[in-house]
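Let's walk through a protein model together, going from its strands to its core and then to its charged pairs. Keep the coordinates open beside you as you read.

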Amino acid sequence: MIQLENRRALRLENQRGATIRVVEGRVWITIANRAEDLVLCAGQSHRIEHEGRVVLESWPTRQAKSGDATIELIPAAHARAVIAAQRPTDAAEPTPTALI
């Protein structure tokens, strides 16, 4: 887990395939070569699709007394494993049985 203090930034480089998950608070995300920024709240996540710089900044909400945020950065290999584990597996073909 990574703790971001109110309006403090964290720069990530070359994290393609990693997933950013906001555990608590709100985070403003700027991604290099992307026209729009993202804002994620607790419970939301975003998978980084491209190489390059990603800047995360804790952003206060009206309800929160502090603007601190907690995030989890799930590395690419683990992110793929979690996604794969959530996919339904193909039903096994029925095995022929001998008639008695």
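The paragraphs below take up the sheets, the loops, the nonpolar core and the salt bridges in turn.

A word on conventions comes before the tour. This is a predicted model, in which local features need pLDDT of at least 70 and side-chain atom pairs count only at pLDDT 80 or more, while totals for chains, interfaces and linings use all residues. Residues are numbered from 1 along each chain as its sequence is written, and side-chain values use heavy atoms, with hydrogens and water left out.

Let's begin with the strands, which are DSSP runs of E with at least two residues, numbered from the N terminus. Two strands count as paired if DSSP finds at least two bridges between them. As background, strands of a sheet pair through backbone hydrogen bonds, either parallel or antiparallel.

One open sheet is made of four strands in the order S1-S8-S3-S6, with antiparallel pairing. Its edges are strand S1 (2-4) and strand S6 (45-47), and because each has a single partner strand, one side of each is left without a neighbour in the sheet. On average, neighbouring strands here are turned by 25° against each other, direction ignored; the axes behind this angle are lines fitted to C-alpha atoms, and angles between N-to-C directions run from 0 to 180 degrees. To see one pairing in detail, look at S1 and S8, which pair in the antiparallel sense over three bridges. There you will find Ile-2 opposite Ile-71 in S8.

Another four strands form an open sheet in the order S2-S7-S4-S5, and the pairing is again antiparallel. Strand S2 (9-13) and strand S5 (38-41) stand at its edges, each with a single partner strand, so one side of each has no neighbour in the sheet. The average turn between neighbouring strands of this sheet is 25°, direction ignored. Inside the sheet, strand S4 (residues 26-31) and strand S7 (residues 53-58) run antiparallel and are joined by five bridges. One position to pick out is Trp-28, whose bridge partner in S7 is Glu-57.

Two loop residues deserve a look at their backbone angles. Asn-14, in the loop between S2 and S3, has a phi near 50°, a positive value in a residue other than glycine. Asn-33 lies in the loop between S4 and S5, and its phi is near 65°, also positive in a residue other than glycine. How accessible are these residues? Buried means under 20% relative accessible area, exposed over 50%, and partly exposed in between, using a 1.4 Å probe and protein chains only. At 49% relative accessibility Asn-14 counts as partly exposed, while Asn-33 is exposed at 84%.

Now turn to the inside. A nonpolar core is a set of buried Ala, Val, Leu, Ile, Met, Phe, Trp, Tyr and Cys residues joined through side-chain atoms within 4.5 Å. The largest one has 15 residues, of which Ile-20, Val-27, Ile-29, Val-54, Leu-56 and Ile-71 touch the most other members. The elements giving two or more residues to this core are S3, S4, S5, S7 and S8, and S4 gives the most, with three residues. Ile-71 makes a good place to centre your view: leaving aside residues up to four places away in sequence, its contacts (heavy atoms within 4.5 Å) include Met-1, Ile-2, Leu-10, Val-27 and Leu-56. Arg-21 is also among the residues that Ile-71 touches.

That brings us to charge. Side chains of opposite charge can pair when their charged atoms come close. A salt bridge here is a side-chain nitrogen of Lys or Arg within 4 Å of a carboxyl oxygen of Asp or Glu, and a search of the whole structure finds four.

Which parts does the pair of Glu-72 and Arg-21 tie together? Their side chains meet in a salt bridge at 2.7 Å, N to O. Glu-72 lies in strand S8 (residues 69-74) and Arg-21 in strand S3 (residues 19-24), so the pair links parts that are 51 residues apart in sequence. Glu-72 is partly exposed at 25%, and Arg-21 is partly exposed at 29%.

Arg-47 forms a salt bridge with Glu-49, their closest N and O atoms being 3.3 Å apart. Arg-11 forms one with Glu-13, where the closest N and O atoms are 3.4 Å apart. Arg-11 is exposed at 52%, whereas Glu-13 is partly exposed at 35%.
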